[in-house]
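Please open the structure in your viewer, with the cartoon drawn and the side chains hidden for now. The tour below proceeds by selections, and after each one it says what is to be found there.

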Amino acid sequence: MAARTMGGQLLPLELIDRCVGSRIWIILKGDKEFVGTLRGFDDYVNMVLEDVTEYEINPDGGYRVTKLEQILLNGNNVCMLVPGGEGPVPEQAAQ
């Protein structure tokens with residue numbers, strides 16, 4: 001786990017560490033997003049997620065939704081992490 005810097009600022013890896021065991025929304029470069037329970041990560045932000053929902057953006061603007069039991073996600077493709085996020089709005093996901 002990363003240490004705090006002077007001034008009480010929260011470092012990125014420390015924030016991710018606080019999310020272990022919680023739901024997290026991960027937006028990747030490209031057209032995929034994942035929502036799942038974060039089980040672990042490393043210094044490269046490779047992540048293990050459980051109870052995962054994958055959202056893949058379709059050309060028509062809707063989403064293809066896939067349920068997965070567990071995945072290992074490569075940190076090189078991560079664009080944004082949203083702690084506690086539940087992904088795209090359900091109405092959009094149903095398109």
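Two strands are taken to pair if DSSP finds at least two bridges between them. With that in mind, begin with the whole chain of this predicted model and colour it by secondary structure, which brings out two helices and five strands. Followed along the sequence, these elements come in the pattern α-β-β-β-β-β-α.

**The sheet as a whole**

Select the five strands together: they make up an open sheet in the order β4-β3-β2-β1-β5, and the pairing is antiparallel. At the edges of this sheet are β4, which covers residues 63–73, and β5, which covers 78–83, each of them pairing on one side only. If you look at how the neighbouring strands of the sheet are set against each other, the average turn is 25°, with direction ignored.

**From β1 to β2**

Next, select residues 23–28, which are strand β1, together with residues 32–41, which are strand β2; the two pair in the antiparallel sense over five bridges. Turn on the side chain of W25 and look across to β2, where V35 stands opposite.

**From β2 to β3**

Keep β2 in view and add residues 47–57, the strand β3, which runs antiparallel to β2 and is joined to it by eight bridges. These two strands form a hairpin with five residues between them, and in the turn V45 has a positive phi of about 60°. Which residue of β3 stands opposite K32? The residue to select is E56, but the salt bridge of K32 to look at here is formed with E54, where the closest N and O atoms are 3.2 Å apart. Because E54 lies in strand β3 and K32 in strand β2, this salt bridge ties together parts that are 22 residues apart in sequence. Switching to a surface view, you can compare the two partners: E54 has a relative accessibility of 9% and counts as buried, whereas K32, at 30%, counts as partly exposed.

**From β3 to β4**

Now hide β2 and select β3 with β4, which run antiparallel and are joined by 10 bridges. Here too there is a hairpin with five residues between the strands, and the turn residue with a positive phi, of about 95°, is G61. Beside this turn, show I57 and Y63, the latter in β4, which stand opposite each other.

Leave Y63 displayed and add Y55, since a search of the whole structure finds one aromatic pair. The ring centres of Y55 and Y63 are 6.0 Å apart and the planes stand at 85°, so the pair is edge-to-face, given that planes over 60 degrees apart are classed in this way. Are these two residues buried or exposed? Y55 has a relative accessibility of 10% and counts as buried, and Y63, at 13%, also counts as buried.

**Salt bridges elsewhere**

The structure holds five salt bridges, and two further ones, besides the contact of E54 with K32, deserve a stop on this tour. Select E14 and R18, whose salt bridge has its closest N and O atoms 3.6 Å apart. Both belong to helix α1, residues 12–18, and because they are four residues apart there, about one helical turn separates them. E14, at 5% relative accessibility, counts as buried.

Then select E86 and R23, whose side chains meet in a salt bridge at 3.7 Å, N to O. This pair links distant parts of the chain, for E86 is in the loop between β5 and α2 (90–93) and R23 is in strand β1, 63 residues apart. E86 is partly exposed, with a relative accessible area of 45%, and R23, at 26% relative accessibility, likewise counts as partly exposed.

**Confidence and overall packing**

Finally, recolour the chain by pLDDT, which averages 88, with 85% of the residues scoring at least 70. Residues 91–95 should be selected separately, as their pLDDT is below 50; beyond near neighbours in sequence, this stretch has eight contacts in the model. Where pLDDT is low, the predicted coordinates should not be read in detail.

Returning to the full view, 35% of the 95 residues of the chain count as buried. Among contacts in the chain between residues at least 6 apart in sequence, 45% join residues at least 24 apart.

Note on methods:
Residues are numbered from 1 along each chain as its sequence is written. This is a predicted model: local features need pLDDT of at least 70, side-chain atom pairs count only at pLDDT 80 or more; totals for chains, interfaces and linings use all residues. Side-chain values use heavy atoms; hydrogens and water are left out. Axes are lines fitted to C-alpha atoms, for helices over the stretch in contact, and angles run from 0 to 180 degrees between N-to-C directions. Rings of Phe, Tyr and Trp (its six-membered ring) pair if their centres lie within 6.5 Å; planes under 30 degrees apart count as stacked, over 60 as edge-to-face and the rest as tilted. Buried means under 20% relative accessible area, exposed over 50%, partly exposed in between (1.4 Å probe, protein chains only). A salt bridge is a side-chain nitrogen of Lys or Arg within 4 Å of a carboxyl oxygen of Asp or Glu. pLDDT is the predictor's confidence in each residue, from 0 to 100. Contact means heavy atoms within 4.5 Å.
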